[in-house]
Each structure stands twice: as C-alpha cells, then as structure tokens.
Amino acid sequence: MSSDAPVTFLTQDAYDRLAAELEALSTTGREEIAKRIEAAREEGDLKENGGYHAAKDEQGKQEARIRTLQHLLKTATVSEAPESTGVVEPGTVVTAIVAGGEEVFLLGNREIAVGSELDVYSEASPLGAAILGLSEGDSATYTAPNGREIAVEVVKVETYNGQ
C-alpha cells in the first residue's frame, strides 16, 4: 500500500461491528452457503438448477464482502471522531452549499454512519476530494461524473457524534 493512499477512519464501534460481521461471514456464513450448495447439487442437473445458481451467486457476493471487510479492517485508522477545528477532514460532519442547495453529510466511510440519517461521501469522491482540507467559508469546484463543474462552499464543519 502506498504512503499517499487515503486512510479510512473508523470509530471503535464501527470497527468492532465490522470485525463481528467478518467473523460471522467467515465461519457460519461460509458453512451455511456450503450446505445450501451441497443440497442444491443433490437435486440433480446443475444446468437448470435455480437453487444451485442462486446459492453460488450468494457465495460470490459473500466472499467479495469478506475481502472488502478484511481490507478495510487491515487499513483503517481506529479512533474517536476528530474534534472539529473548522477544517474539513475525514470523520467530520460538513454543511455545504453544493450546486446552490444546502447539504449536510459525513465525510468518511459509509460504515461509520450505519443507522444514521446522514449522507456519507468518501474523501476520495469528487466532492470529498474538492473540500478535504478546506475551512469554513472556503469555496471550491469539482467535476461531477457527468462532466459538469459544480461549485461548493463549506458553511460549517462539526465533530461527528455518531448520529
């Protein structure tokens, strides 16, 4: 991993929840899928066996989630949300005027805000990259995926309190 790769911030609660999910998927989750695949295999012809193909698809999705969790947990920085100093950084709640409308969102990983009403933008997203390091009152523009230039002004930066 290169030294300029973005660091993912996770709260201890988010880290513990993701570690428990990884453990469950890696043990009982894999066992359950294997049993479903074996039961479907015993039904006969695999070419037209919908249950078999559904179980194999689910297995693929589960293995992808396991890999994602392993990488995230291995590379994350676990700490409390940073105390806001008025500067946009991972783990802060940002109020910004984006394309003329006010938005309130968490800058960071969506895994932090599970159960929260907040939208979450990654610091690697076009919006996140444009505002990272800006202070309250600063403005910037970013290029949306459709190629449009979008203006953004940081109005307020707050400490994320888990809600």
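Helices and strands here are runs assigned by DSSP, with at least four residues for a helix and at least two for a strand, numbered from the N terminus. Keep that in mind as you look around this predicted model.

**Stop 1: the N-terminal part**

Select residues 9–78. This span is 80% helix and 6% strand, and its end C-alpha atoms lie 6 Å apart. In UniProt, an unreviewed entry lists residues 9–78 as "domain: Transcription elongation factor GreA/GreB N-terminal". Colour this selection so that you can find it again.

**Stop 2: the C-terminal part**

Now select residues 84–158 and give them a second colour. Over this span the chain is 8% helix and 43% strand. Its end C-alpha atoms are 5 Å apart. The unreviewed UniProt entry lists residues 84–158 as "domain: Transcription elongation factor GreA/GreB C-terminal".

The domain assignment of the chain gives its own bounds: domain 1 covers 9–78 and domain 2 covers 87–159. We will use these two names from here on.

**Stop 3: along helix α1**

Select residues 12–41, which form helix α1, and click on Ala39 within it. Is Ala39 buried or exposed, or something in between? Ala39 is partly exposed, because its relative accessible area is 40%.

Next, draw a distance from the C-alpha of Ala39 to the C-alpha of Ser79. These two residues are 40 residues apart in sequence and 44 Å apart in space.

**Stop 4: where helix α2 meets helix α1**

Stay in domain 1 and select Gln62, which lies in helix α2. Gln62 counts as buried, because its relative accessibility is 11%, and the cut-off for buried is under 20%. Which residues does Gln62 touch, leaving out those up to four places away in sequence? They are Leu25, Gly29, Arg30 and Ile33. Zoom in on Gly29: the side chain of Gln62 reaches its backbone oxygen at 3.3 Å.

Now show the side chains of Glu58 and Arg36. They form a salt bridge, and the closest N and O atoms are 2.7 Å apart. Glu58 lies in helix α2 and Arg36 in helix α1, so this pair ties together parts that are 22 residues apart in sequence. Glu58 is partly exposed, with a relative accessibility of 35%. Arg36 is also partly exposed, at 39%.

**Stop 5: between the two domains**

Show both domains together. The C-alpha centres of domain 1 and domain 2 lie 32 Å apart. How many residues of each domain are in contact with the other? The contact involves 8 residues of domain 1 and 7 residues of domain 2.

The size of an interface is often given as the accessible area lost when the parts come together. Domain 1 and domain 2 bury about 580 Å² between them, with 59% of it on carbon and sulfur atoms.

Between domain 1 and domain 2 there are 2 residue pairs in polar contact, counting pairs with both residues at pLDDT 80 or more. On the side of domain 1 that touches domain 2, the elements giving two or more residues are β1 (9–10), α1 and α2 (50–75). Of these, α1 gives the most, with 3 residues.

**Stop 6: following the salt bridges**

There are 2 salt bridges between domain 1 and domain 2. Select Glu111 and Arg65: their side chains meet in a salt bridge, with 2.9 Å from N to O. Glu111 counts as buried, because its relative accessibility is 6%.

Keep Glu111 on screen and add Arg110. These two side chains also meet in a salt bridge, at 4.0 Å from N to O. Arg110 counts as exposed, because its relative accessibility is 59%.

Which residues are linked in a network of salt bridges? Add Arg17 and Glu21 to your selection, and you have the network: Arg17, Glu21, Arg65, Arg110 and Glu111.

**Stop 7: towards the end of the chain**

For a last pair, select Glu158 and Lys156. They form a salt bridge with the closest N and O atoms 3.7 Å apart. Glu158 is partly exposed at 31% relative accessibility, and Lys156 is partly exposed with a relative accessible area of 40%.

To see how many salt bridges there are in total, turn on every side chain: the structure holds 8 of them.

Note on methods. Residues are numbered from 1 along each chain as its sequence is written. This is a predicted model: local features need pLDDT of at least 70, side-chain atom pairs count only at pLDDT 80 or more; totals for chains, interfaces and linings use all residues. Side-chain values use heavy atoms; hydrogens and water are left out. UniProt positions are given in the numbering used here, feature names are shortened, and annotations may be inferred rather than shown by experiment. Buried means under 20% relative accessible area, exposed over 50%, partly exposed in between (1.4 Å probe, protein chains only). Domain bounds come from an automatic or database domain assignment. Contact means heavy atoms within 4.5 Å. Buried area is the accessible area (1.4 Å probe) that two parts lose on being put together, summed over both. A polar contact is a pair of N or O atoms within 3.5 Å; within protein, one must be able to donate a hydrogen and the other to accept it, and residues adjacent in sequence count only if both atoms are side-chain atoms.
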